[in-house]
Amino acid sequence: MADTSFSAPVVTECQEDHVGPPELSALLSQLHTDEFYSNGTWTTPQPQSSLSASASDSDLDSALESVKERIIPVPKVPVRVINVIDPSTAQSITSIPVASSSDINAAIRSAREAQPAWSDDTITSIEERVGYFHTFRELYNKEENQRDLALILSAEMGSPIDFARENQVGVGSFIMDNFLEIMEDVVKNNGNGGDNDDGNGEG
């Protein structure tokens, strides 16, 4: 009987030698696989303090952590990584960093600061948000981007390249098309002065 047990990703403090087709290696070298995107920019992962067992979104916890580090010399645990394994070859194709509590707290603070303006539709209108989503969908659906996504997904998941392109990448286009249709219905209904399902502004 086949072994169907799930094996969690292995977290390590060292990177394995990465192996993969030249085209995949060239593509991955262009990505920020060793950084996080936070507050509108790529940031370098911060080492985890050995005194912190888990991450917290509490500003008080962050302040206490800072005080402890000033009073007590706190050793830093090196930034840990997860090696991404291609199931079809059992080889590592790249590695990604594990977020520390400092990384997570910084991301949460950035989100909290950005949320008020984003939620205020007098600052960011529904029409403007739909425009952003249109742009994102157009970029996602570009031939070269779909090809690159399929190549990465095929290596990450171990799936055939055609399946990755048509199903795994394709489902993203399907979801975005449906989501965009809902967003445009909202814009239409707002313009008609109503929020009913038929969009005629009555009720």
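Here are five short exercises with worked solutions on a predicted model of a protein chain.

**Exercise 1. Get your bearings**

Task: Find how many helices and strands the protein chain has, and what pattern they follow along the sequence.

Solution:
- Start by counting: the protein chain contains 6 helices and 7 strands.
- Next, read along the sequence, where the pattern is β-α-β-β-β-α-β-β-β-α-α-α-α.
- Now turn to burial: 25% of the 203 residues count as buried.
- For the outside, the accessible surface of the chain is about 13,700 Å², and carbon and sulfur atoms account for 56% of that surface.
- Finally, take the contacts between residues at least 6 apart in sequence: 62% of them join residues at least 24 apart.

**Exercise 2. Explore the largest nonpolar core**

Task: List the residues of the largest nonpolar core and work out which helix gives the most to this core.

Solution:
- The largest nonpolar core is made of 9 residues: Val130, Phe133, Tyr140, Ala150, Ala164, Val169, Met176, Leu180 and Met183.
- Two elements each give two or more residues to this core, namely helix 4 (126-140) and helix 6 (161-191).
- Of the elements, helix 6 gives the most, with 5 residues.
- Another core lies apart from this one; this other core has 7 residues, including Leu27, Leu28, Ile93 and Leu151.
- To look around one core member, pick valine 130 and set aside its neighbours within four places in sequence: valine 130 then contacts Leu180, Met183, Glu184 and Val187.

**Exercise 3. Check the length and face of helix 4**

Task: Compare the expected span of helix 4 with the distance between its end C-alpha atoms, then ask where its buried residues point.

Solution:
- Helix 4 has 15 residues, so at 1.5 Å a residue it should span 21 Å.
- The C-alpha atoms at its ends are 21 Å apart, which agrees with that expectation.
- The buried residues in helix 4 are Arg129, Val130, Phe133 and Tyr140.
- Looking down the axis of helix 4, these buried residues fall within an arc of 100°, so they line one face of the helix.

**Exercise 4. Follow a salt bridge between two helices**

Task: Which residue pairs with aspartate 177 in a salt bridge, and which helices hold the two partners?

Solution:
- As background, side chains of opposite charge can pair when their charged atoms come close.
- In this structure there are 3 salt bridges.
- In one of them, the side chain of aspartate 177 meets that of arginine 137, at 2.9 Å from N to O.
- Aspartate 177 belongs to helix 6 and arginine 137 to helix 4, so the pair ties together parts that are 40 residues apart in sequence.
- Aspartate 177 has 36% relative accessibility, so it counts as partly exposed.
- Arginine 137, at 22%, also counts as partly exposed.

**Exercise 5. Look at two more salt bridges**

Task: Find the salt-bridge partners of arginine 165 and aspartate 148, and decide whether arginine 165 is buried, partly exposed or exposed.

Solution:
- Arginine 165 pairs with glutamate 143, and their closest N and O atoms are 3.0 Å apart.
- This pair links distant parts of the chain, with arginine 165 in helix 6 and glutamate 143 in helix 5 (residues 143-157), 22 residues apart.
- Arginine 165 has a relative accessibility of 25%, so it counts as partly exposed.
- Aspartate 148 pairs with arginine 147, and here the closest N and O atoms are 3.8 Å apart.
- Aspartate 148 is partly exposed, with a relative accessible area of 23%.
- Arginine 147 counts as partly exposed at 39% relative accessibility.

Technical notes. Residues numbered from 1 in each chain as written. Predicted model: local features only at pLDDT ≥ 70, side-chain atom pairs only at ≥ 80, totals over all residues. Heavy atoms only, no water. Core = buried A, V, L, I, M, F, W, Y, C linked by side-chain atoms within 4.5 Å. Buried < 20%, exposed > 50% of the residue type's maximum accessible area, 1.4 Å probe, protein only. Helix = DSSP H or I, 4+ residues; strand = E, 2+ residues; numbered from the N terminus. Contact = heavy atoms within 4.5 Å. Expected span 1.5 Å × (residues − 1). Arc of directions from axis to C-beta. Salt bridge = Lys/Arg side-chain N within 4 Å of Asp/Glu carboxyl O. Areas by Shrake-Rupley, 256 points an atom, 1.4 Å probe, with all protein chains shown as cover.
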